[in-house]
Amino acid sequence: MSVAAPVPASRRGWCPGIARPMATGDGLLVRIHPRHGSLTAAQLGGLADLAERYGNGIADVTSRGNLQLRGVAEDDHGALSDALAGLGFIDDLPATGPQRIVFLDPLAGLDGLRDLRPLADAIEAALRPLRAKLPGKFCIALGHEGTAPAVAADLEVAVDADGNAVVRLRDVWPPEADAPYSPPTCGEGLGVGVTTKEGGCLPGWPPPLPNPPPQGGREQAAGLPVRIAALVSEFLANNPGKRSPRQRSDVPANYLGLLPAGEQPILAVAPAFGRLAAADMRRLAGWAGRHGAGELRLTPSRAVLIPHLDRGAADGLMREARAAGFIVDADDPRALLVACPGRPACRSAFAPAQADALRLAGAAGLLGAVHVSGCAKGCARQAPAPLTLVAQAGGYGVVLDGTVRDAPLAVRSAAEIEALLQQVVATGPSRGEAIASLVRALGSEPGKEMPR
């Protein structure tokens, strides 16, 4: 297989793959984009072997439901690519464009609702000629109403039980009743609307037409929502759905524990920070092979699903997963921690983000999500968090209810932050009281706007 030169981690706006890996502090990072985010037990077991043979024995589940091998030597990249092709993983698309565009609800085909996997394949095939012209991080989130994957999608498609589908641009919500509506201004020329199985529109919604196409040779992007809407309408007309007796609200947002799924339950487990050792991969593959149908799915919450389980084995398997160190309970404080690899794995990082995040697990349950970033890029999380720590040369910038892009209230060392949080938690306050205590301790007043 032909391969391209590695790209440095400091470059923004692109995603590594098999053909074009990323150069990091612990070697090359090679990202695999499984179709539908699904793997077979044999593939995962094979990846465990390759991680040990060509990498540092570690793989990470990403926030887009992909899997990446770390610590690969540049001289071994070609051999690894050939071995991955033998497992069925091939980057046969332009290395500069996205390798997988559609990010599917991890429970697609398992929840008793209309199976959206064929629609995902149709969208991927239709957009194949445009891959090289699309941004490297471009993606479409596809799911049932209220269940689209929690990824930063450029376009979202949500199908409801009545055979309608919302096709909307990110951050554009349906119009309020009787409110005037106009398509959003967008440089890509994307529109938003609702399509039905008959190809029509719902009252109050405009058709999913683009804005006037932009100038400068970008016309191919302008018609994208129209193409997607046409594919969705055709799919809905040819694939009548059915209502599920189970409400999707029964499924935890972070996909943990035993998920209700008809006669065959699904076990959802998460490695801390999405990090899997080779032994973890073999263990998961063994469970899927012995107690399931040999299938595993990766989720945007960095969990791994094992569907089609034998009902009699499900409870025992969950206990075994908990004993092996996987996160299986929603109240496990590690489930609230988000951190990039940090030092020494990442050249851009100023601190060992994951190790420092574990020191703060005791406070996570009180504050909610805690995001520890090794640098200002925020690779592990772009969304706001109750507590965000951004590593820099002098320690961690502390941001409350914000993102890595917000100005910090103060800069403190990891040890100082740990001690401060222990003091706050020891007083047993509410979340609001805890935030106010942190603001005072960091040298500001609650409610006072900090300088930017």
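The protein contains eleven helices and 21 strands. The model is a predicted one. Of the 452 residues in the protein, 54% are buried. Among contacts with a separation of 6 or more, 59% are between residues 24 or more positions apart. The accessible surface amounts to about 19,300 Å², and carbon and sulfur atoms account for 52% of this area.

The largest nonpolar core comprises 41 residues. Within this core, the residues that touch the most other members are Leu-67, Leu-84, Met-281 and Leu-284. Helix α1, spanning residues 41-54, provides the largest share of the core, with seven residues. When residues up to four places away in sequence are not counted, Leu-84 touches Ile-18, Val-30, Ile-32, Leu-47, Leu-50 and Phe-89. A second core, separate from the largest one, has 34 residues, including Ala-351, Ala-357, Val-370 and Val-398.

The second largest pocket holds about 550 Å³ of space. It is lined by 26 residues, of which His-33, Pro-34, Arg-35, Ile-90 and Gln-99 are the closest to its centre. By class, eleven of the lining residues are nonpolar, seven are polar and eight are charged. Strands β4 (38-40) and β7 (102-104) and helix α3 (117-127) each contribute at least two residues to the lining of this pocket. The greatest contribution is that of α3, which supplies four residues.

Definitions and conventions. Residues are numbered from 1 along each chain as its sequence is written. This is a predicted model: local features need pLDDT of at least 70, side-chain atom pairs count only at pLDDT 80 or more; totals for chains, interfaces and linings use all residues. Side-chain values use heavy atoms; hydrogens and water are left out. On a 1 Å grid over the protein atoms alone, a cavity is a set of points where a 1.4 Å probe fits but cannot get out, and a pocket is an open set with protein on both sides within 12 Å along at least five of seven lines; lining residues have an atom within 4 Å of a point. Grid points are joined across faces, edges and corners, and a volume is the space filled by probe spheres set on the points. Ala, Val, Leu, Ile, Met, Phe, Trp, Tyr, Cys and Pro count as nonpolar, Asp, Glu, Lys and Arg as charged, and the others, Gly among them, as polar. A nonpolar core is a set of buried Ala, Val, Leu, Ile, Met, Phe, Trp, Tyr and Cys residues joined through side-chain atoms within 4.5 Å. Buried means under 20% relative accessible area, exposed over 50%, partly exposed in between (1.4 Å probe, protein chains only). Contact means heavy atoms within 4.5 Å. Accessible areas come from the Shrake-Rupley method with a 1.4 Å probe; for residues, only the protein chains shown count as cover.
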